[in-house]
Amino acid sequence: MSDLKKIKEEFLLKLKKKLNLSEINQIKSDLFGKNGQVSSQFKKIGTLAESERKKFASDLNIIKDELQSLINSKMDEIQSAEINEKLEKEKIDITLPERPFVKGKIHPVSQTIDEISSIFSEIGFSVEEGPDVENEYNNFTALNTPDNHPARDMHDTFYLDEKKEKLLRTHTSPVQIRTMLKSKPPFKIIAPGRTYRSDSDQTHSPMFHQVEGLYIDKDINMGHLKGCLNYFIKEFFEVDKIKMRFRPSHFPFTEPSAEVDIGYKIKDGRIIIGEGDKWLEILGCGMVHPNVLKNVKVNPSKFQGYAFGIGIDRLAMLKYGINDLRSFFDCDYRWLNHYGFDPLDVPTNYRGLSR
Ligand code: PHE
């Protein structure tokens, strides 16, 4: 038998076995690789006598084409078999009944933070964050609250070291400082998060939540502040009409300063927002004090604006009819199951916030 025939027959024999991709690749390189069987035959052509050369070369080319096309179709066949096998293995029977499982709930405070972020992002505020463990400078000094200022005592601060340099932030206002230090005006941010004061009774918890707001630009005035808060309260409580009052107040980091109350009444044991003659304080606000701007290297003769700090837990209590602040932090699963929200029900302004 001629060499060529032998090569072909051996090859056909090998091809009959069940092969995987790497085996067929091996066969391919045994034939057509640098020193492969077919490649070596080509090298032989030059050594043959003139009379045999032409026929041999033509036979060789025919066999080469034949083997190559057999290899290619075998490869296709193996590849599609492998894909089919994989598909078969990874098949999921979606007709199977689901395993019963207990679904978690979103805490009303988390839900409220999501709602607040959604409302403010609609009007161009971005969300910032700051750490719970703050330094004394960001929490007080930079906010125009120097040592011995009476406002420091009012905050019932948890200090974390003897020198009173580290503390648990008593409000979210230090995020104003962090935000302004790290870039250039204009600033338009909100900063929700945990805050801490050493205070605990029916309406106070040592850990509570606030959302800070800060808008600094060239022509921002108190009218903008009122408009913004008015918009926010209406959106948050999903009502067209609200009663809101600004009371003069004092914060070292704003001038003038105000506290804001919203009007409500209780009817059949339920809170109704926007009617009645009862008032509930929900936030502090004001125009950012020039000293604060100077502390963060913002020129107060060019830039000014407002800031506010809203008590998140109180808003959540009002909106969802929860009357004991402490229950928020009891970790009672039955409570969470009742007041919590479906994790898939992400609040947006379009779909409605609380549905
Ligand atoms: N940080 C103040 C507080 O916790 C609230 C506030 C924020 C007031 C921003 C004015 C401006 O009481």
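A residue is taken to be near a molecule or strand if one of its heavy atoms lies within 4 Å of it. The structure is a predicted model, in which local features need pLDDT of at least 70 and side-chain atom pairs count only at pLDDT 80 or more, while totals for chains, interfaces and linings use all residues. Residues are numbered from 1 along each chain as its sequence is written, and side-chain values use heavy atoms, with hydrogens and water left out.

The ligand is surrounded by 14 residues, of which His 171, Ser 173, Arg 197, Gln 210 and Gly 309 come nearest. By class, the shell comprises five nonpolar, seven polar and two charged residues (Ala, Val, Leu, Ile, Met, Phe, Trp, Tyr, Cys and Pro count as nonpolar, Asp, Glu, Lys and Arg as charged, and the others, Gly among them, as polar). At least two shell residues come from each of β5 (207–217), β9 (278–288) and β10 (304–311), and β10 contributes the largest share, with three.

A polar side-chain atom of Ser 173 lies 2.9 Å from a ligand nitrogen atom. Ligand oxygen atoms are approached by polar side-chain atoms of Arg 197, at 3.0 Å, and of Gln 210, at 2.9 Å. Of the 330 Å² that the ligand exposes when taken alone, the protein buries 92% (Shrake-Rupley method, 1.4 Å probe).

Disulfides (pairs of cysteine sulfur atoms within 2.5 Å) number zero in the structure. Cys 228 is in none, the nearest cysteine sulfur being that of Cys 285, 9.9 Å away, which is too far for a bond. Cys 228 is buried at 7% relative accessible area, and Cys 285 is likewise buried at 2% (buried denotes under 20% relative accessible area, with a 1.4 Å probe and protein chains only).

Technical notes
Buried means under 20% relative accessible area, exposed over 50%, partly exposed in between (1.4 Å probe, protein chains only). A polar contact is a pair of N or O atoms within 3.5 Å; within protein, one must be able to donate a hydrogen and the other to accept it, and residues adjacent in sequence count only if both atoms are side-chain atoms. Helices (H or I, at least four residues) and strands (E, at least two) are DSSP runs, numbered from the N terminus.
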